[in-house]
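Here are some notes to read alongside the model, written as numbered points. Please keep the structure open and look up each residue as it comes up.

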Amino acid sequence: MNKFILQLFLFLAFIPLAILIGYGVLVVAPIFCCFLAINSYKFNNYKEMYTWMGIGVLSFLLALYMLGVI
């Protein structure tokens, strides 16, 4: 088999995997931010808590948009 065709096939096979990983990160990011905000609350660091809550809300809205809900 030609080396170029093999590299092209491997590149095309990587695209769905990258999309799957990207959507996985989008879904997990708000949950991760939620746990970071809870950890900040435990240490009475309210400024950091509100920062993580804001990032979590933005990532949640981005995930909903990318998944086609909004």
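1. Is Y46 buried, partly exposed or exposed, judged by its relative accessibility? Y46 has a relative accessibility of 40%, and therefore counts as partly exposed. Please bear in mind throughout that this is a predicted model, so that every value given here is computed from predicted coordinates.

2. Y46 also takes part in an aromatic pair, and a search of the whole structure finds one such pair. Its two members are Y41 and Y46, whose ring centres are 6.1 Å apart and whose planes stand at 65°, so the pair is edge-to-face. The cut-off behind that label is an angle of over 60 degrees between the planes. Y41, like its partner, counts as partly exposed, because its relative accessibility is 48%.

3. Turning to the overall architecture, the chain contains two helices and zero strands. The radius of gyration is 18 Å, well over the 11 Å that the globule rule gives for 70 residues, so the chain is more spread out than a compact globule. Along the principal axes, the C-alpha atoms fill a box of roughly 60 × 30 × 15 Å.

4. The surface can be described in a similar way. Of the 70 residues in the chain, 13% count as buried. The accessible surface of the chain comes to about 5900 Å², and 79% of that surface belongs to carbon and sulfur atoms.

5. S40 is a residue worth finding in the viewer, and it lies in helix α1, which covers residues 3–42. S40 counts as buried, because its relative accessibility is 4%, and the cut-off for that word is under 20%. Once its neighbours within four places in sequence are left aside, S40 is in contact with N45, E48, M49 and W52. Of these contacts, E48, M49 and W52 can be looked for in helix α2, which spans residues 46–66.

6. Between the two helices there is a loop, and N44 has its place in that loop, between α1 and α2. The phi angle of N44 is near 55°, which is a positive value in a residue other than glycine. N44 counts as exposed, because its relative accessibility is 54%, and the cut-off for exposed is over 50%.

7. Two residues of helix α1 show how parts of the chain that are separated in sequence are placed in space. V27 lies in helix α1 and counts as partly exposed, at 42% relative accessibility. The C-alpha atoms of V27 and F60 are separated by 7.7 Å, although these residues are 33 residues apart along the chain. G22 also has its place in helix α1, and is partly exposed, with a relative accessible area of 32%. G22 and S59 are 37 residues apart in sequence, and their C-alpha atoms are 13 Å apart in space.

8. A last point concerns the cysteines. A disulfide is a covalent bond between the sulfur atoms of two cysteines. How many disulfides does a search of the whole structure find? The search finds zero. The closest cysteine sulfur to that of C33 is in C34, at 8.9 Å, which is too far for a bond, given that the cut-off is 2.5 Å. C33 counts as buried, because its relative accessibility is 7%, whereas C34 is partly exposed, with a relative accessible area of 41%.

Note on methods:
Residues are numbered from 1 along each chain as its sequence is written. This is a predicted model: local features need pLDDT of at least 70, side-chain atom pairs count only at pLDDT 80 or more; totals for chains, interfaces and linings use all residues. Side-chain values use heavy atoms; hydrogens and water are left out. Rings of Phe, Tyr and Trp (its six-membered ring) pair if their centres lie within 6.5 Å; planes under 30 degrees apart count as stacked, over 60 as edge-to-face and the rest as tilted. Buried means under 20% relative accessible area, exposed over 50%, partly exposed in between (1.4 Å probe, protein chains only). Helices (H or I, at least four residues) and strands (E, at least two) are DSSP runs, numbered from the N terminus. Contact means heavy atoms within 4.5 Å. The radius of gyration is taken over C-alpha atoms; the globule rule is 2.2 Å times the number of residues to the power 0.38. Accessible areas come from the Shrake-Rupley method with a 1.4 Å probe; for residues, only the protein chains shown count as cover.
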